[in-house]
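Thanks, everyone. Let's go straight to the structure.

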Amino acid sequence: QVQLVESGGGLVQPGGSLRLSCAASGFTLDYYRIGWFRQAAGKEREAVSYITRSGDTKYYADSVQGRFTISRDNAKNTVFLQMNSLKPEDTAVYYCAKAPRPMGSNWRRVEEYDYWGQGTQVTVSS
């Protein structure tokens, strides 16, 4: 019943931009905090960003700080990840996930999240 669906991935040149969307169903999005994660081929899943229910607090991985922006539109049950100045090392499958409680300092921990989307591929290449 609970679903998260990512969209917006694709092929982009280095320095380009993409906006990913995470659409929720089966629950009211504004009740929950949402994280973005990514997994490159041959690597473990890593945290990218996180947003609180109201959007007042946002966290970013050091590798994307200043380039990515997380936001939410609770009326549309959607969380976004705006990705600018993309680099080849950003290439990965990107996932959104629902946190069942406030994460605080644990926002990076994959095991803390209880629902995941199917992922959307982002490829940064010339």
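I'll take one sheet, then the salt bridges, then a single valine.

A caution to begin with: this is a predicted model.

The sheet is open and has 4 strands. The order runs β1-β3-β8-β7, and the pairing is antiparallel. At the edges sit β1, residues 3-7, and β7, residues 68-73. Each of these pairs on one side only. Neighbouring strands are turned by 15° against each other on average, ignoring direction. Between β1 and β3, residues 18-25, there are 5 bridges. One detail there: Gln 3 has Ser 25 of β3 as its bridge partner.

Now the salt bridges. The count is 7. Arg 38 and Asp 90 form one of them, at 2.9 Å from N to O. Arg 38 belongs to strand β4, while Asp 90 is in the loop between β8 and β9. That is 52 residues apart. Both residues are buried. The network of salt bridges here links Arg 38, Glu 46, Arg 67 and Asp 90.

Next pair: Asp 114 and Lys 98, with the closest N and O atoms 3.0 Å apart. Asp 114 is in the loop between β9 and β10 and Lys 98 is in β9, so the bridge ties together parts 16 residues apart in sequence. Lys 98 is buried, because its relative accessibility is 4%, under the 20% cut-off. Asp 114, at 34%, is partly exposed.

Last, Val 124. Where is Val 124 found? In strand β11, residues 120-124. Val 124 is buried, at 4% relative accessible area. Its contacts include Pro 14, Leu 86 and Pro 88. Asp 90, from the salt-bridge network, also touches Val 124.

Notes. Residues numbered from 1 in each chain as written. Predicted model: local features only at pLDDT ≥ 70, side-chain atom pairs only at ≥ 80, totals over all residues. Heavy atoms only, no water. Pairing = 2+ DSSP bridges. Helix = DSSP H or I, 4+ residues; strand = E, 2+ residues; numbered from the N terminus. Axes fitted to C-alpha atoms, helices over the stretch in contact; angles between N-to-C directions. Buried < 20%, exposed > 50% of the residue type's maximum accessible area, 1.4 Å probe, protein only. Contact = heavy atoms within 4.5 Å. Salt bridge = Lys/Arg side-chain N within 4 Å of Asp/Glu carboxyl O. Lists of a residue's contacts leave out its neighbours within four places in sequence.
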